[in-house]
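Open the model in your viewer and keep the selection panel at hand. We will go stop by stop.

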Amino acid sequence: MSALSHLPPGAFAKEDSGDDAAFYAEARLKTHIDDAAIGALTDFYRVVLPPGGALLDLMSSWVSHLPPEVVYGEVIGHGMNTEELAANPRLSRGFVQDLNRAPRLDLADASLDAAMICVGVQYLQQPVAVLAEVGRALRPGAPLVVSYSNRCFPTKAVAVWRTLGPQGHARLIEVYLEAAGFTGLEVHRLKDGAASDPLTVVMGRAT
Amino acid sequence: MIHRLIPLALAAALIALPTQAQTVVIVRHGEKAGPSGDVDLSAAGQARGEALAQALGGAKVSLVLATPLKRTQQTAGATARDAGIAVVAVGFDGGDAAHAQRVAQAARKAGRAETVLIVGHSNTVADIARTLGDTRAVAPRDCEYDRMTVLVLDGAATRVIHTRYGAQSEGCGT
């Protein structure tokens, strides 16, 4: 936690501190990044997510961006919106939970082969607690793929995220992952933002 | 901890489903006015029934199943009223397991792209959910009235979403 302990009070505050469940209750049945960025993410998933494995799609919605031809053993979706999860055809099951209020995940230790957080990490107010929970549920060596773009609901992003640029975002996620016990960190700039939405992946492996 | 998901407007999900899956929503009855017997709902329970109707307001609810007991009938009442249909009571003849089978059978008969609401009891909802494909169903705790299980019967696959609705159950922690 050393790098995070230098952050000022309020680093994880949000401009809109209203109940997140209420904010997300309206179905937001839309993608948050454009098709080119989605395609790049799907290609990345195709390489790093083990076919047949058990996956966790944290902060999911109605779409998981998984390669359509690959069959996974189980895809567990977490989200803030029941309808979106119910409409996501890739999920085997899902659960609705406000991670900012309840970061503990009801998932068994070392039960997952990979996890993904797509364009949602900027909303986590207890990022290390949540990512440590993901790490606990992952088998040792299993990847967590955190992706981000420049799209977000700004009033719901934490203060430290809003103050940083794209490079800083990658470094911040690395700090989160290190503090949560992940190793083998890699940053991949999948789309630079010139011809499409930008997309960067920060990946770590559970220990 | 707090899961106020109102309005859910499940219709949006149903419209987005290309395969026109059937949706089954399973809840326990709302808070009761007394500890035992065939009691009415308390004010909180009545509010929960209204929250349920609101949550399902956008969905095409074609069947509402409850038990012969007043607390499930009353919980289901607002949703049935809004859908313009009657609550169908499924009895307990033959025991809880037989009841769960009959409820699940009735639910499966509803049309695709339609939503079925099942209101049961703490000792029936998990059995019913399991019969319909929720392999991880667990019974709600005594104090827990806000749990909702949504099953999307999408061809051979069943998608199970565990969520909450209405007011958070009092004194029930997370």
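What radius of gyration does chain A have, and what would a compact globule with 207 residues have? Chain A has 16 Å, in agreement with the value near 17 Å for a compact globule of that length. Bear in mind that this is a predicted model.

**Stop 1: chain A, whole.** Select chain A and align the view to its principal axes. The C-alpha atoms fill a box of roughly 45 × 40 × 35 Å. Colour by secondary structure: there are 7 helices and 7 strands. From the N terminus, the order is α-α-α-β-β-α-β-β-α-β-α-α-β-β. Of the 207 residues, 46% count as buried. Now count contacts with a separation of 6 or more: 68% of them link residues 24 or more positions apart.

**Stop 2: helix α5 of chain A.** Select residues 127–137. The buried residues here are A:Pro127, A:Val130, A:Leu131, A:Ala132, A:Val134, A:Gly135 and A:Ala137. An α-helix has 3.6 residues a turn, so residues three or four places apart point the same way. What do the buried residues of α5(A) pack against? Show β1 (54–58), β4 (114–118), β5 (143–148) and α7 of chain A: these are the partners.

**Stop 3: the largest nonpolar core.** This core has 103 residues. Label A:Leu55, A:Ala115, B:Leu65, B:Leu117 and B:Ile118, which have the most contacts inside it. Helix α7 of chain A (residues 166–179) gives the largest share, 6 residues. Then centre on B:Leu117. Beyond its neighbours within four places in sequence, B:Leu117 is in contact with B:Val25, B:Leu56, B:Val61, B:Val64, B:Leu65, B:Ala76 and B:Thr79.

**Stop 4: strand β5 of chain B.** Select residues 147–154. Is this strand mostly covered or mostly exposed? Mostly covered: 7 of its 8 residues are buried. Add β1(B), residues 22–28; it runs antiparallel to β5(B), with 6 bridges between them. One pair to label is B:Gln22 with B:Leu153. Next add β6(B), residues 157–164, also antiparallel to β5(B) and joined to it by 8 bridges. Here B:Arg147 has B:Arg164 as its bridge partner. β5(B) and β6(B) form a hairpin with 2 residues between them. In the turn, B:Gly155 has a positive phi of about 65°.

**Stop 5: B:Gly57.** Go to the loop between α2 (43–55) and β2 (61–66) of chain B, where B:Gly57 lies. Why does B:Gly57 count as partly exposed? Because 18 other C-beta atoms lie within 10 Å, and a buried residue needs 20 or more. Finish with a distance: the C-alpha atoms of B:Gly57 and B:Val87 are separated by 16 Å, with their positions 30 residues apart along the chain.

Definitions and conventions:
Residues numbered from 1 in each chain as written. Chains lettered and ligands numbered in written order. Predicted model: local features only at pLDDT ≥ 70, side-chain atom pairs only at ≥ 80, totals over all residues. Helix = DSSP H or I, 4+ residues; strand = E, 2+ residues; numbered from the N terminus. Rg over C-alpha atoms; globule rule 2.2 N^0.38 Å. Buried ≥ 20, exposed ≤ 12 C-beta atoms within 10 Å, placed from the backbone. Contact = placed C-beta atoms within 7 Å. Core = buried A, V, L, I, M, F, W, Y, C linked by C-beta atoms within 7 Å. Pairing = 2+ DSSP bridges.
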